[in-house]
Amino acid sequence: MADHYEVLGVSRDASQDEIKKAYRRLARQLHPDVNPGEDAAERFKLVTHAYDVLSDEESRRRYDMGGDENGGFGGFGGFGDIFETFFGAAGGARNARPRSRRERGQDALVRVTLDLGDVVFGAHRDIEVDTAVLCETCKGSCCQEGTSPVTCDVCGGSGHVQRQVRSLLGNVVTTQPCGACEGYGTTIPYPCAACAGQGRVRSRRTVSLDIPAGVETGLRLQLPGSGEVGRAGGPNGDLYVEVTVAPHAAFSRDGDDLLATLEVSMTDAILGASTTIDGLDGAVDLEIRPGVQSGDVLTIAGRGITPLRGSQRGDLRVGVQVVTPTKLDSAQRTLIEDFAKRAKAPGPKLTQFQQGLFSKLRDRFRGH
């Protein structure tokens, strides 16, 4: 058996690119359409078989180790080739079509971080995306200006070549993608220098995105056709934008409602008070009724978040925490003592266990 490396005229440590170039050079010389001699036909078969073995990393590894490059089936590449041989590989060859150079681009994923305020009404963002765009020099043709792909002189434009393999059943004709044109049926003798014959280049571009109200952390928005452009000017993939909502210093979210805690002095809790707080979308007026208790919830309707699929906003719910002073001067202490005498409040007594403030607030927020 002839050494495959010698047949192609390359060293045993030759790269895949060197093997491909050697095969193309010999195939152009020995193809039956160019060189009809019987010796040339036999050499063409040897060259093609050698390339089939060495162009595949796994079969080349087995060959270099002294094994059967066909995987131990005596001329068949495996169960798939056996199936093709018995069920119409030759017929498939007649109907085989060359591959298209145009391919769909891959999808892309970017992440964007929003403030909680952006979630109330939605937001607009201009996102920088590093991706593949159409080559402006060749417009996706992959060729230098004034040139075009030419029909492969090895496969005649079919994108496939047939070869005869000796097997247990005799000589079997198999069909494989043409190694000279990689199955495209055409070659590009003068590839575009700007994109190296890919029809696309890497670039940064800006994508405008309107983010709807009510989004949550982990939600992905799909922008069809905004991903990378495919090879040879193929259609764009999709762009996915994954949202992260940053924590807020004062507000948290419960569905479409906003939650917050309001610290109230002991005197305001006793006498009642009016106050204004800064909401996510402007000032909010609050009325604190006299005698308010820690754990009471003040609800301001319609000042929460606009739902993702709807228009009626949730509520703003503010839990009250009464702050007891820890340091009193003598005058303040005298006033409190006088108040205690006048109020004649009962002394401390043991009652049923009550859950803590934050547990009470949680249950009241949730309607328990």
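Glu182 is partly exposed, with a relative accessibility of 30%, and lies in the loop between β5 (170–177) and β6. This description concerns a predicted model. The chain has 368 residues, of which 36% are buried, and its secondary structure amounts to 10 helices and 15 strands.

**Glu182 and its surroundings**

- When neighbours within four places in sequence are set aside, Glu182 is in contact with Lys20, Arg24 and Arg99.
- Gly159 is separated from Glu182 by 23 residues in sequence, and the C-alpha to C-alpha distance between the two is 7.2 Å.
- The value of 30% places Glu182 in the partly exposed class, because that class lies between the buried limit of under 20% and the exposed limit of over 50%.

**The chain as a whole**

- The accessible surface of the chain is about 22,200 Å².
- Carbon and sulfur atoms account for 50% of that accessible surface.
- Of the contacts between residues at least 6 apart in sequence, 66% link residues at least 24 apart.

**The sheet β1-β9-β8**

- Three strands form an open sheet in the order β1-β9-β8, and the pairing in this sheet is mixed.
- β1 (108–114) and β8 (220–223) are at the edges; each has a single partner strand, so one side of each lacks a neighbour in the sheet.
- On average, neighbouring strands of this sheet are turned by 25 degrees against each other, with direction ignored.
- The pairing between β8 and β9 (residues 239–245) is antiparallel and comprises 4 bridges.
- Within this part of the structure, Leu223 has Leu239 in β9 as its bridge partner.

**The sheet β10-β11-β15-β14**

- A further open sheet has 4 strands, arranged as β10-β11-β15-β14, again with mixed pairing.
- β10 (252–254) and β14 (297–300) are the edge strands of this sheet, and each of them pairs on one side only.
- From one strand to the next, the twist averages 35 degrees.
- β14 pairs with β15 (residues 316–323) in the antiparallel sense, over 4 bridges.
- Gly319 in β15 stands opposite Val297.

**The hairpin β12-β13**

- β12 (residues 273–279) and β13 (residues 282–288) are paired in the antiparallel sense, with 7 bridges between them.
- The connection from β12 to β13 is a hairpin of 2 residues.
- Asp278 has Ala283 of β13 standing opposite.

**A buried acidic residue in helix α3**

- Asp52 belongs to helix α3, which covers residues 38–54.
- The relative accessible area of Asp52 is 16%, and the residue is therefore buried, since the limit for that class is under 20%.
- Beyond neighbours within four places in sequence, the contacts of Asp52 are with Ser59, Arg163 and Gln176.

**Loop residues with positive phi**

- Cys142 is a residue other than glycine with a positive phi, near 75 degrees.
- Cys142 is located in the loop between β2 (123–134) and β3 (150–151).
- With a relative accessibility of 3%, Cys142 is buried.
- Ala196 likewise has a positive phi in a residue other than glycine, with a value near 60 degrees.
- The loop between β6 (186–187) and β7 (200–211) contains Ala196.
- Ala196 is exposed, as its relative accessible area is 58%.
- In burial, the two residues fall into opposite classes: Cys142 is buried, whereas Ala196 is exposed.

**A nonpolar surface patch**

- Ile270, Leu271 and Phe339 make up a nonpolar surface patch of about 330 Å².
- Leu271, one of the patch residues, is located in helix α8 (residues 266–271).
- Leu271 is exposed, given its relative accessibility of 64%, because the exposed class begins over 50%.

Notes
Residues are numbered from 1 along each chain as its sequence is written. This is a predicted model: local features need pLDDT of at least 70, side-chain atom pairs count only at pLDDT 80 or more; totals for chains, interfaces and linings use all residues. Side-chain values use heavy atoms; hydrogens and water are left out. Patches are made of residues with over 30% relative accessible area and no salt bridge: like charges are joined within 9 Å, nonpolar side chains (Val, Leu, Ile, Met, Phe, Trp, Tyr) within 5 Å. Accessible areas come from the Shrake-Rupley method with a 1.4 Å probe; for residues, only the protein chains shown count as cover. A salt bridge is a side-chain nitrogen of Lys or Arg within 4 Å of a carboxyl oxygen of Asp or Glu. Buried means under 20% relative accessible area, exposed over 50%, partly exposed in between (1.4 Å probe, protein chains only). Two strands pair if DSSP finds at least two bridges between them. Axes are lines fitted to C-alpha atoms, for helices over the stretch in contact, and angles run from 0 to 180 degrees between N-to-C directions. Contact means heavy atoms within 4.5 Å.
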